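Trainee: Could you take one helix pair in this model and walk me through it closely? After that, I'd like to hear how it fits with the rest.

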Amino acid sequence: MKKRKKQKKKQMNMAILSVTYLFVAVFLGMMFYICHYSVTHQQELINNSYNGRQQMLIAKNVRGKIYGGGGEILAQTITDENGNEERSYPYGNLFAHTVGYSTHGRAGVEALGNYYLIHSNAPLSEKVSNDVEGIKYPGDDVYTTLDVNLQEVANHAMGIYRGAIIVSEPSTGKILAMVSKPDYDPNQIEELWDGLVKDTESGILLNRATQGLYPPGSTFKILTALEYMKENPDTYRNYQFQCGGSFTSGTDRINCYHGQSHGSVNFSSSFAKSCNASFANIGLQLDKAKFADTLEELLFNEELPLEIIHNNSHVEVNQDSTDGDMMQVSIGQGTTGMTPMHLNMITNAIANEGTLMKPYIVDRVENSTGTVIKQFSPSSYKRLISQQEAESLKELMRGVVEEGTARKLKGLSYTAAGKTGSAEYNSIKEDSHAWFTGFAPADNPQISVTIIIEGAGSGGDFAVPIARRIFDAYFETR
Amino acid sequence: MELYITEISKYVIALLMALYAYESFAVFRFREEERRGGIYTRQNLLMLAVHFSCFMVICFETGDISYLFFYIFQQIVLFATAVLFHMIYPETNRLIVNNMCMLLSIGFVILTRLSYEKAVKQFVIVAVSIAVAMVIPFFIHKLKFLKKLKWFYALAGIGALGIVLILGAYTYGSKISYSIGGITFQPSEFVKIIFVFFVASALHESTGFLDVFTTAVIAGVHVIILVVSKDLGSALIFFVVYVLMVFVATKNPLYLLAGAAGGSGAAVIAYRVFSHVQVRVQAWKDPWSEIDSAGYQITQSLFAIGSGGWFGMGLFEGTPESIPFVEADFIFSAVAEELGILFAMCMILVCISCFVMFMDISMRLHDSFYRLIAFGLGVTYIFQVFLTIGGGSKFIPLTGVTLPLISYGGSSVLTTLIMFSIIEGLCMIKEEEQEELTITKKRGKKAVIEDGPAMKKARKKRGKSRENEESDEVIE
């Protein structure tokens, strides 16, 4: 009898013990969740406009400065003797889209670095003396990767055209310059705001470098060529095509730029001369499912690993794509839309042996005395293409400079590689956006540029010279 | 100067709290209460230090010295509780009293920061409640007929809940309270205790299917009344407590499965039938898309939790008052914001420490009625902590229950203090049981000395039972 009771107690204790362990496990899970959530979402939570704490921090700390890579002040807050604060941008229009603005919402680095700019890690002694004087604490300063000289060159080279330029470092992902036109003077954002918002036609507030979705035109042949090489690794070098200035399949017809006939071309000269007819022919030979997979791997229809406000590129390739669709897609026309930033990222992956480094623009955060609060370092996003594929594409892009549409970059002190594009955006007129994307030096890429000039004409004539001026400026100082 | 003190004290407070949390688990290294004395003294000192540092910061931040008087009153009450409890009932467990005082002091600090008026009101309620709680261990220990009042508990529980349903006033969409003479009661809080007593008295002797079935019907009535009153949090607590108590009483995991299945079914039906359940679930799944309306509370709570960092903004440096009902349902978020995530985690650890001690006491009790009570109250406590912290941090959907001992609310704190005191009463019963056991053992030894042929048979029998006792203790 007693034994049975003992037995009963033992079983009951097992049940109690298991419930105890269950609750302890659930609590440990919840504690981990809370810690993890609060650490990973800290910035997002503070930046939410419904969070009143932001206003509290702004009232307590003077918004920090934004610096260029060489220590130039790109944005600062000036307080007059009455305590009125004004945000000043010494370079005016030059960094309009890149550094952005901080009233009427936020854009650019002002938005990216907001969390740091409104916090103050000033030393305690400084805070104490500020308390005594009754002035606000200095917010932390954000140092960017931006090169003011390159930004000026790129901005100047763009002239009166609309479009975008991105200059970056393939091996690190650092953004050195980012221009989007038309632009505005952020010093006058208060007065300009109403007009800018109403103006839907020119889209001045749009950062075309990351948000503009353009037809990629012939620059997309990088992707078509990549897919053809992937599907025919042993035979693509034997490819031959006879170009008569156009290619017809059924009722669909693709013309070469300005109807030019390229004659007999192989794989690499089709690419170098940007022969539409030949690439339409290649497009018809591709496996639609595999092509769709490749494009997805290269971040089409996907979220870009980019913290700056951006749009995602879209392309339509699937089993239902008709021959006509495939021909259009292969030469970067049709419904495809791509941001210059995305093209720059693909270019960087090719230059960096296939691995994409995450693009970044904030290099570090320092407090008012120059102590580094947070240092951002290059981080690889992932391998987009194999090293072998990167090497082959680089070779093709070298060909474009040596004997193709980007010959204006040939014979310089550095060896460049790239791809031009002339994207038709109007089915009635023959107007085209001028594209160029490329890097230099080809054997050890240090810099890449991606350029789009809206409605200028051919990439070779209008975009390549701008690339040259940027490359020149970059290598001059090194 | 002030800034130095407030900044440094942030780290000091977090460190002291971490040490306290450590001590509240270090206790479990020793089996006997006598060997834990040093730990308890250190706990008392740490508690004093945390409480003092927090109020020092409050005084500096507000520049108002009158907070100091309020602090002194609090300190006297808390210290007296810790000391007196031990003096009046030397056989009780001191960890439970210490943790209780620690959690109360955190509650005082954060309520003082949120609303001085409410903090004072809460302080008065706590002082009275402690006085009430002081006598409870005595009654639990002495009143042996408690286990025979099964039907009384059932009627009292259902009656109290039913009256609120019929006569109660709506507070924020739920019918959960009524007022007598200007004092507002929230009976569902007290009924939690009565309910545990009901289940324990119904199942402590026999656990046949019929017993389980009748209790299930009674428990179901409780839950349904609460659901109709829209007090979902309490309904969930009653349900979980019932299922787990049945599992422990019957030792049959099948009841656990049945409970889980029934609970899931009921949850699905509740989701389909009640629009307020849908609203809550929606606000949990994606509060950001309804940040203006249903998701407002939870997103404001997340802002608070996310803004403090490891060491917090410091008292009076954050804006926890932007969360609606922060002092009741979202007190955890206020603690996390101003005292830091680290402090908040340590606070959770202290709650877990209480729960583990409750379970330990439950497992050591021999009488299954008392052991079910200890278990049931422990689960009631920890599950409520889980609901409120999990709800405020978007770990689970929000149910709107208070954080015991810390949140503002008279019924809640009184109920929790009674619960803790009942456990202390059970502790005394446990000690008594153990004494009885050792007496039996000593008698056994005596028998061995007086060895004689007539005793042979009896010795054999006793020896066997002694063996069992020993093996049982090893398992413990």
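Mentor: Sure, let's start with α9 and α15 of chain B. On the α9(B) side, the residues that meet α15(B) are Gly233(B), Leu236(B), Ile237(B), Val240(B), Val241(B), Leu244(B), Met245(B), Val248(B) and Ala249(B). Facing them from α15(B) are Leu372(B), Phe375(B), Gly376(B), Val379(B), Thr380(B), Phe383(B), Gln384(B) and Leu387(B). Sort that contact by class and you get 13 nonpolar residues, four polar ones and no charged ones. As for the geometry, the two axes come within 9 Å and cross at roughly 145°, and the crossing of α9(B) and α15(B) is right-handed.

Keep in mind that this is a predicted model, so let's look at the scores before going on. Chain B has a mean pLDDT of 86, with 89% of its residues at 70 or more. The stretch to watch is 451–476 of chain B, where pLDDT stays under 50; the model has 19 contacts beyond four places in sequence for that stretch. For the model as a whole, ipTM is 0.89 and pTM is 0.79.

Now for the chain-chain contact. Here 39 residues of chain B are in contact with 37 residues of chain A. Both helices of our pair turn up here: α9 (232–250) and α15 (368–392) of chain B each supply at least two residues to the side that touches chain A. So do α1 (2–26), α12 (296–308), α14 (341–364) and α17 (456–475) of chain B. The largest share belongs to α14(B), with nine residues. By class, this side of chain B has 24 nonpolar, 12 polar and three charged residues.

For another helix pair to set beside the one we began with, go to chain A. Helix α13 (residues 276–284) and helix α15 (residues 323–330) of chain A pack at an angle of about 125°, with their axes 8 Å apart. That angle is why α13(A) counts as oblique to α15(A). The crossing of α13(A) and α15(A) is right-handed. From α13(A), the residues in the contact are Phe279(A), Ala280(A), Ile282(A), Gly283(A) and Leu284(A), and they meet Asp323(A), Met326(A), Met327(A), Val329(A) and Ser330(A) of α15(A). The class count for this contact is seven nonpolar, two polar and one charged, whereas the contact of α9(B) with α15(B) has no charged residues.

Terms used
Residues are numbered from 1 along each chain as its sequence is written. Chains are lettered from A and ligands numbered from 1 in the order in which they are written. This is a predicted model: local features need pLDDT of at least 70, side-chain atom pairs count only at pLDDT 80 or more; totals for chains, interfaces and linings use all residues. Axes are lines fitted to C-alpha atoms, for helices over the stretch in contact, and angles run from 0 to 180 degrees between N-to-C directions. Helices (H or I, at least four residues) and strands (E, at least two) are DSSP runs, numbered from the N terminus. Angles under 35 degrees count as roughly parallel, over 145 as roughly antiparallel, 65 to 115 as roughly perpendicular and the rest as oblique. A crossing is left-handed if the near helix is turned anticlockwise from the far one by less than a right angle, and right-handed if clockwise. Two residues are in contact if their C-beta atoms, placed from the backbone, lie within 7 Å. Ala, Val, Leu, Ile, Met, Phe, Trp, Tyr, Cys and Pro count as nonpolar, Asp, Glu, Lys and Arg as charged, and the others, Gly among them, as polar. pLDDT is the predictor's confidence in each residue, from 0 to 100.
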